[in-house]
Amino acid sequence: MIPELGNFSVMLALCMALAQSILPITGSFTRNSRWMALARPAAAGQFVFVSFAFGCLIYAFVVNDFSVASVASNSNSTLPLYYRVAATWGGHEGSLLLWILMLAVWTFAVSLFSRQLPDETIARVLGVMGLISIGFLCFLLFTSNPFDRLLPAAADGQDLNPLLQDFGMIVHPPMLYMGYVGFSVAFSFAIAALLGGQLDSAWARWSRPWTLVAWMFLTLGIFMGSFWAYYELGWGGWWFWDAVENASFMPWLVGTALIHSLAVTEKRGSFKNWTVLLAIIAFSLSLLGTFLVRSGVLTSVHAFATDPRRGLYILIFLAIVIGGSLSLYAWRAPKVGLGGKFSLFSRESTLLVNNVLLLTAAATVFLGTLYPLFLDALNLGKISVGPPYFETVFVPLMLPVLLLIAVGPFVRWKSAPFADVAKRLRWIALATLIFAVIAWMSFAPSAMVVMGVAFCAWILLATASHVLERLRHAPAGTSLWRRIRSQPRSYWGMIVAHAGVGIFVLGVTMVKGTETSNDVNMRVGDTTSVGEYVFRFNDLQQVSGPNYTAMRGTFEVTHNGSKVATMTPEKRVFTVQRMPMTDAAIDRGFARDLYISLGEPAENGSWVVRVQHKPFVSWIWGGCIIIAFGGFLAASDRRYRLKARKRAQDVASAVAINAPA
Amino acid sequence: MRKFAVILIASLATYCAFPAFADEATPVATDPVLEEHVKAITEELRCLVCQNQTIADAHADLAIDLRNQVREKVKQGMSDQAIKDYMVQRYGDFVLYRPPVKSTTWLLWFGPFLLLLGGLVILMLRLRSRTTPDEMISESDLQRAAALLRASPESTKE
Amino acid sequence: MKRVLVFLLPLVGFALLIGFLAVGLKRDPREIPSPFIGKPAPAFTLTQLQDQNKTFSPKDMLGKVWLLNVWASWCVSCREEHPVLLDFAKQNVVPIMGLNYKDGRKEGVDTLSQMGDPYQLSAFDADGRVGIDYGVYGVPETFVIDKQGVIRDKIIGVITPEIVTQKLLPLIKELNRA
């Protein structure tokens with residue numbers, strides 16, 4: 001009964017989406033205010049029905065209703081409750097409903113927090129989002145319905161893949177989808193602006209906070225995926241340049257370019273065409289990612305079970321949405337003006353260079369991911385493009401970006417003579433050089449580490465210097481807190497995010513350059529060492545979990561004789577899927593992680609154990625979180641919240657002035 | 001004195017509780033240097049069975065066989081390139097995670113740098129053409145502007 | 001005019017991409033074609049599965065068109081194709097030689113006596129070296145080799161009756177004429 005209600009609710013959501021898009025968009029051209037006014041309530045309606053449907057699906061999973069096909073494929077009665085909920089998005093159909101739910105959430109949020117937008121604009125924005133909803137809802141209803149019944153019902157489910165039975169599964173997909181789907185808001189604003197033929201800086205001001213929040217979620221989503229892979233997969237890797245990872249990285253790179261470009265368009269009215277194109281590209285890459293994961297054109301550990309028919313549907317949807325928006329762009333964009341002028345050396349031009357670099361980086365990832373497909377389609381053979389390619393090509397491309405991150409804030413708007421900027425930074429450059437030399441002396445053979453230290457120092461020192469200078473410009477006697485508050489949050493957002501990048505860079509280079517590992521055969525009582533840490537294999541026991549049995553090893557770790565940690569890696573075998581899984585033990589620290597994973601047991605009772613010492617790996621995670629926090633700060637800048645209030649005040653006072661005496 | 005005895009006996013007992021042969025664990029690899037070399041090579045080779053792992057990491061039988069083959073060949077003194085050629089001869093370019101540089105992959109290897117160069121050049125050209133100095137406004141235009149401003153009603157300040 | 005053309009570039013690029021993706025939908029990214037097609041079959045000498053005093057080598061087959069079918073007793077899909085091979089062998093169109101890959105001699109012999117033997121003989125490749133030399137990565141695989149000892153085609157996966165009629169028979173006929 002409940003699944004059928006859920007199914008019906010999805011159909012009602014489709015009706016809402018139709019009402020949300022066709023009438024308001026038409027009404028925005030025919031100036032029919034009744035039709036335009038339908039947008040907001042329809043968005044609310046869609047949100048209600050999609051949420052209800054999702055609730056029905058969760059219910060089916062929680063009560064173990066194995067007559068529903070997706071429950072039978074992805075869940076099991078021995079699965080703990082929180083994983084039964086997460087299993088809702090463990091398969092293609094359920095995750096698609098999650099996508100749609102996220103879209104409904106964003107649409108609803110836009111309908112709520114946009115009182116200051118003119119009616120035509122909001123009608124078009126919500127209308128475009130509604131069109132996207134229609135596409136996905138139809139896709140769900142006609143090819144991938146999570147509420148499909150399995151008759152006769154299965155006795156029990158096939159269980160959620162053991163690798164997915166983890167906290168990461170609860171957090172990573174929702175966060176990632178919030179990011180992917182969030183770019184649809186910037187996209188819709190861009191399309192609305194093109195439809196209306198009006199591209200002014202107001203459009204950028206409206207788009208920017210939405211884009212920042214979406215970007216923040218995507219940052220967190222990608223971080224969560226990496227963090228999860230690190231502890232889940234058992235050998236300490238955290239990025240594999242896998243097709244699906246790349247599919248999330250590309251929109252992130254373009255999204256980063258977009259938030260910088262929006263800053264320029266908002267402040268100076270320049271780059272309008274370019275920013276609109278970026279908004280279209282960012283969301284297009286989100287959609288492309290959806291296609292790549294679900295169509296089977298690329299091999300990936302993340303890919304869902306594939307069906308060429310579904311792939312064809314998404315491809316047609318892609319062609320319509322992206323083709324349509326790029327056609328609209330080709331038609332309307334040439335008519336839009338150029339905006340404020342600026343000189344060759346200015347923040348505008350520096351940000352344009354940032355855009356070129358980030359777009360080239362995104363294009364590189366795109367090329368590497370899809371090249372095997374391109375060659376195969378042209379019958380030119382099958383190749384593989386893996387980490388060696390990306391590390392060789394992508395990393396050098398990012399170096400100029402890292403260089404510019406530190407420089408950018410010092411470059412003034414409109415015109416900033418190169419000599420001035422150079423003068424400002426010369427001491428920092430010197431300090432960076434000193435750091436580099438010290439790093440060279442400590443980590444000599446690894447050029448990677450030296451570069452990492454140098455760039456981190458460069459970014460952090462320059463950013464700190466900029467902050468100091470800004471904080472200094474206040475009347476003497478002002479407290480530190482007041483000085484901090486006198487700078488807008490968008491400033492702090494920039495500072496924090498840039499600093500986060502520096503920290504991230506240090507983490508990555510230190511880990512890759514200085515991590516050490518040891519593969520040993522150990523029996524109980526044996527010791528081994530990595531770095532200055534000694535690991536003693538104290539105990540081996542069999543334990544049981546709710547749906548698995550495991551061999552758990554207990555290791556005592558000492559450093560220079562004093563005890564540091566007790567670590568318990570496990571080798572689990574899940575009762576349903578009978579897949580062995582390594583549950584690594586990690587002792588996390590500010591300056592290093594210790595990592596133990598159990599391999600296979602040997603005949604003589606010893607186990608293959610891999611012990612790793614990973615310096616500064618937490619700085620990777622910390623850096624990502626700091627970057628995301630920077631995005632949050634920038635999005636919560638007062639001017640996005642003040643403007644609405646201020647405009648309301650202005651209107652009120654204007655009405656009061658013009659009221660008949 | 002008694003305290004010392006207790007500690008001594010306790011530590012002896014603890015020592016005896018462990019198997020007599022507990023000691024430093026033996027590395028899985030008999031020759032770590034060789035193993036590093038093998039790892040460096042096999043990390044660039046793709047496992048054809050579980051196609052999303054390197055031959056270094058995969059557990060498939062074929063991967064184990066190929067790892068052993070690589071180890072043998074390194075011991076025999078074969079060069080890295082010769083070993084990779086051996087693999088490509090049997091499995092095609094697909095087995096290399098680092099795509100070979102040949103005419104079909106020039107776009108892949110050189111495209112990004114060309115794109116970067118091209119992008120920067122186009123950017124420079126467009127910026128140059130836009131940085132014409134602000135045109136001098138003629139006096140009559142200035143007066144016209146002033147007159148228009150005086151004539152229009154008060155607009156709400158931003 | 002030139003300005004408008006520039007704005008069309010993204011759309012053109014996208015159209016190209018859609019074209020590639022559409023073609024890509026019909027391809028299987030997991031299937032790896034053999035680099036040996038058109039090249040001589042790698043040489044080897046192995047003992048025969050059922051008689052370890054005898055050996056087999058591809059050069060024994062020069063002058064004939066023949067099939068080399070890679071199989072193993074532990075391979076589930078091989079059992080699926082076994083009846084098809086038995087039928088095909090009865091048609092006496094082409095000699096089928098087996099390559100028993102990474103198997104135990106006893107298990108291999110037992111499987112053939114249980115399920116029937118479509119092969120004129122099976123070469124015993126215990127450690128899989130010959131398989132690797134032929135670029136075998138999954139079992140079953142079948143090679144079509146011509147009179148000069150050149151590999152002409154490789155069928156990856158189970159041989160179905162359709163494959164026999166649509167791929168193997170025409171190719172073998174053509175090679176026999178040469």
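1. Two strands count as paired if DSSP finds at least two bridges between them. That rule matters for the contact between chains A and B in this predicted model. Strand 1 of chain A and strand 1 of chain B (residues 26–27) run antiparallel and are joined by 2 bridges. Within that pairing, Asn521(A) stands opposite Thr26(B).

2. The sheet around this pairing draws on both chains. Its 5 strands follow the order 8(A)-9(A)-10(A)-1(A)-1(B), the sheet is open, and the pairing is antiparallel. Strand 8 of chain A (585–588) and strand 1 of chain B are the edge strands, each pairing on one side only. Inside the sheet, 7 bridges hold strand 1 of chain A to strand 10 of chain A (residues 607–615), again in the antiparallel sense. One of these pairs is Asp519(A), whose bridge partner in strand 10 of chain A is Arg610(A).

3. The wider interface between the two chains involves 43 residues of chain A in contact with 37 residues of chain B. On the chain A side, the elements that give two or more residues are helix 13 (347–377), helix 14 (387–407), strand 1 (516–522), strand 2 (527–530) and helix 20 (638–658). Helix 13 of chain A gives the most, with 11 residues. By class, the side of chain A that touches chain B divides into 22 nonpolar, 15 polar and 6 charged residues.

4. Chain B itself has 6 helices and 1 strand. Along the sequence the pattern is α-β-α-α-α-α-α. Of its 158 residues, 20% count as buried. Among contacts in chain B between residues at least 6 apart in sequence, 42% join residues at least 24 apart.

5. Helix 3 of chain B (residues 61–75) can be checked in detail. With 15 residues, the helix reaches 21 Å from its first C-alpha to its last, close to the 21 Å expected at 1.5 Å a residue. Which of its residues are buried? They are Leu62(B), Ala63(B), Leu66(B), Arg67(B) and Val70(B). These residues cover an arc of only 135 degrees around the axis, which puts them on the same side of helix 3 of chain B. The general rule is that an α-helix has 3.6 residues a turn, so residues three or four places apart point the same way. Note that Arg67(B) is among the buried residues.

6. The buried residues of helix 3 of chain B pack against helix 2 (32–42) and helix 4 (80–91) of chain B. On the other side of helix 3, Asp61(B), Ile64(B), Asn68(B), Glu72(B) and Lys75(B) are exposed. Just after the helix, Gly77(B) takes a positive phi of about 95 degrees.

7. Chain C has an open sheet of 5 strands in the order 5-4-3-6-7, with mixed pairing. The edges are strand 5 (121–125) and strand 7 (151–156) of chain C, each pairing on one side only. From one strand to the next the twist averages 20 degrees. The mixture shows in two of the pairs. Strand 3 (residues 66–71) and strand 4 of chain C are parallel, over 5 bridges, whereas strand 6 (residues 141–145) and strand 7 of chain C run antiparallel and are joined by 5 bridges. In the parallel pair, Asn69(C) stands opposite Gly98(C); in the antiparallel pair, Ile145(C) stands opposite Ile151(C).

8. Is strand 4 of chain C (residues 96–101) enclosed or open? With 6 of its 6 residues buried, the strand is largely enclosed by the rest of the structure. Both faces are covered: Ile96(C), Gly98(C) and Asn100(C) are buried on one side, and Met97(C), Leu99(C) and Tyr101(C) on the other. In a regular strand the side chains alternate between the two faces of the sheet.

9. Chain C also touches chain A, with 19 residues of chain C in contact with 24 residues of chain A. The chain C side has 15 nonpolar, 1 polar and 3 charged residues.

10. A last point concerns Glu120(A), which lies in helix 7 of chain A (residues 119–143). Glu120(A) is buried because 20 other C-beta atoms lie within 10 Å, and 20 or more is the cut-off for that class. Leaving aside neighbours within four places in sequence, Glu120(A) is in contact with Ser28(A), Met36(A) and Gly196(A).

Methods:
Residues are numbered from 1 along each chain as its sequence is written. Chains are lettered from A and ligands numbered from 1 in the order in which they are written. This is a predicted model: local features need pLDDT of at least 70, side-chain atom pairs count only at pLDDT 80 or more; totals for chains, interfaces and linings use all residues. Helices (H or I, at least four residues) and strands (E, at least two) are DSSP runs, numbered from the N terminus. Axes are lines fitted to C-alpha atoms, for helices over the stretch in contact, and angles run from 0 to 180 degrees between N-to-C directions. A residue is buried if 20 or more other C-beta atoms lie within 10 Å of its own, exposed if 12 or fewer, and partly exposed in between; C-beta atoms are placed from the backbone. Two residues are in contact if their C-beta atoms, placed from the backbone, lie within 7 Å. The expected span of a helix is 1.5 Å times one less than its number of residues. The arc is that of the directions from the helix axis to the C-beta atoms. Ala, Val, Leu, Ile, Met, Phe, Trp, Tyr, Cys and Pro count as nonpolar, Asp, Glu, Lys and Arg as charged, and the others, Gly among them, as polar.
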